[in-house]
Amino acid sequence: MIAGGLAGTSVDVALFPIDTVKTRLQSPDGFWKSGGFRGIYRGIGAAATGSAPGASLFFTTYESMKPIVGEKLKKFGVEGDAPVHMISACFGEIAACMVRVPTEVVKSRMQTNQTGATSLSSTIRLVVNEQGLPIFGGLYSGYGITIMREIPFALIQFPLYEWGKKQWAKSLGVEEVSPEKAATCGSISGGIAAAFTTPLDVVKTRLMLGKDTNGKLYKNAFDVVQRVASEEGPKTFLSGIQPRVMWISIGGFVFFGAYEGFKSILP
């Protein structure tokens with residue numbers, strides 16, 4: 001749990017500028033109107049606040065679910081590591097999104113310089129006062145589509161990550177690879193997963209920002225898909241793919257390297 005939290009914070013803080021560029025590219029207002037390269041660290045407080053608990057929740061759930069899922073699958077005659085890693089990662093993502101989504105909503109509003117999002121506290125007040133869930137307001141805007149993004153991401157990344165580590169260790173004749181080699185596996189698998197899930201990430205960003213360039217509110221994920229496709233064209237669904245792949249590839253190296261490294265030295 002501590003290893004996951006430290007790893008998550010390391011990544012989110014170090015690579016925050018790349019995430020800002022990605023978010024602004026996906027904004028309905030466009031990159032330059034959303035701030036361009038100015039204020040590239042706006043929203044870093046929100047990212048740092050939610051990073052450790054989100055990552056800790058993910059890895060705590062992921063690691064604890066692996067033996068449970070493995071035992072259940074064996075009863076149904078399902079063998080192999082891949083299904084265990086895939087299903088366990090899905091549970092981990094669902095748990096982590098309870099923290100990750102409110103953080104993402106606040107961070108996205110600040111990154112794109114929305115009116116009223118001048119500080120962390122003012123942005124939280126702005127979002128909470130929006131229409132949405134009781135007490136939480138708009139803090140969980142895009143929760144469903146975030147799950148829909150994270151689950152296929154996890155289904156791609158974690159089996160590749162675990163398979164890569166296993167094959168590399170086998171080729172070296174060792175039981176486990178070093179944190180550096182695990183980090184490389186995390187980087188490659190993350191970059192592949194990031195590219196395939198970019199369209200879902202665009203829909204997620206639009207929902208969290210709440211409205212289009214004319215101020216018209218987005219109703220749901222289907223509304224976003226329909227309006228973006230008809231008004232901006234299909235290519236818009238690949239907005240920000242380059243910084244997203246770069247950010248997650250570098251982040252995967254740092255995250256999994258830090259996670260495996262911290263895990264080896266912490267009790």
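In this predicted model, a search of the whole structure turns up 1 cavity of 30 Å³ or more. The volume of the largest cavity comes to about 680 Å³. Its lining is made up of 29 residues, and those closest to the centre are Asp12, Arg100, Glu150, Trp247 and Phe255. Several helices share in this lining: two or more residues come from each of H1 (2-14), H2, H3 (44-75), H4 (81-111), H6 and H10 (241-265). Sorted by class, the lining of the largest cavity holds 12 nonpolar, 8 polar and 9 charged residues.

Attention can now turn from the cavity to the open space. The largest pocket encloses about 640 Å³. Around this pocket stand 33 lining residues, with Arg109, Leu209, Gly210, Lys211 and Leu217 nearest its centre. Helix H6 (143-172) and helix H8 (198-209) each contribute at least two residues to the pocket lining. The class make-up here is 10 nonpolar, 16 polar and 7 charged residues. Helix H6 thus appears in both linings, giving two or more residues to that of the largest cavity and at least two to that of the largest pocket.

Helix H6 itself merits a description. With 30 residues at 1.5 Å a residue, H6 should span 44 Å, and the 42 Å between its end C-alpha atoms agrees with this expectation. Along the helix there is a kink of about 30°, centred on Ala154. Just beyond the end of H6, Gly173 adopts a positive phi of about 70°.

Two further helices each offer a residue for a local view. Thr20 sits in helix H2 (residues 16-26), an element that also supplies two or more residues to the lining of the largest cavity. Thr20 counts as buried because its relative accessibility is 0%, where the cut-off for buried is under 20%. Leaving aside residues up to four places away in sequence, Thr20 touches Ile40, Arg42 and Gln111. A link across the chain is also seen at the backbone: the C-alpha atoms of Thr20 and Thr112 are 8.1 Å apart, although 92 residues separate the two along the chain.

Ser187 provides the second example and belongs to helix H7 (residues 179-196). Its relative accessible area is 17%, so Ser187 is likewise buried. Again setting aside residues up to four places away in sequence, the contacts of Ser187 are with Ser249, Ile250, Gly252 and Phe253.

Conventions: Residues numbered from 1 in each chain as written. Predicted model: local features only at pLDDT ≥ 70, side-chain atom pairs only at ≥ 80, totals over all residues. Heavy atoms only, no water. 1 Å grid on protein atoms, 1.4 Å probe; cavity = no way out; pocket = protein on both sides within 12 Å on 5 of 7 lines; lining within 4 Å. Points joined across faces, edges and corners; volume = space filled by probe spheres on them. Helix = DSSP H or I, 4+ residues; strand = E, 2+ residues; numbered from the N terminus. Nonpolar A, V, L, I, M, F, W, Y, C, P; charged D, E, K, R; others polar. Expected span 1.5 Å × (residues − 1). Bend = angle between axes of the 7 residues up to and from the residue. Buried < 20%, exposed > 50% of the residue type's maximum accessible area, 1.4 Å probe, protein only. Contact = heavy atoms within 4.5 Å.
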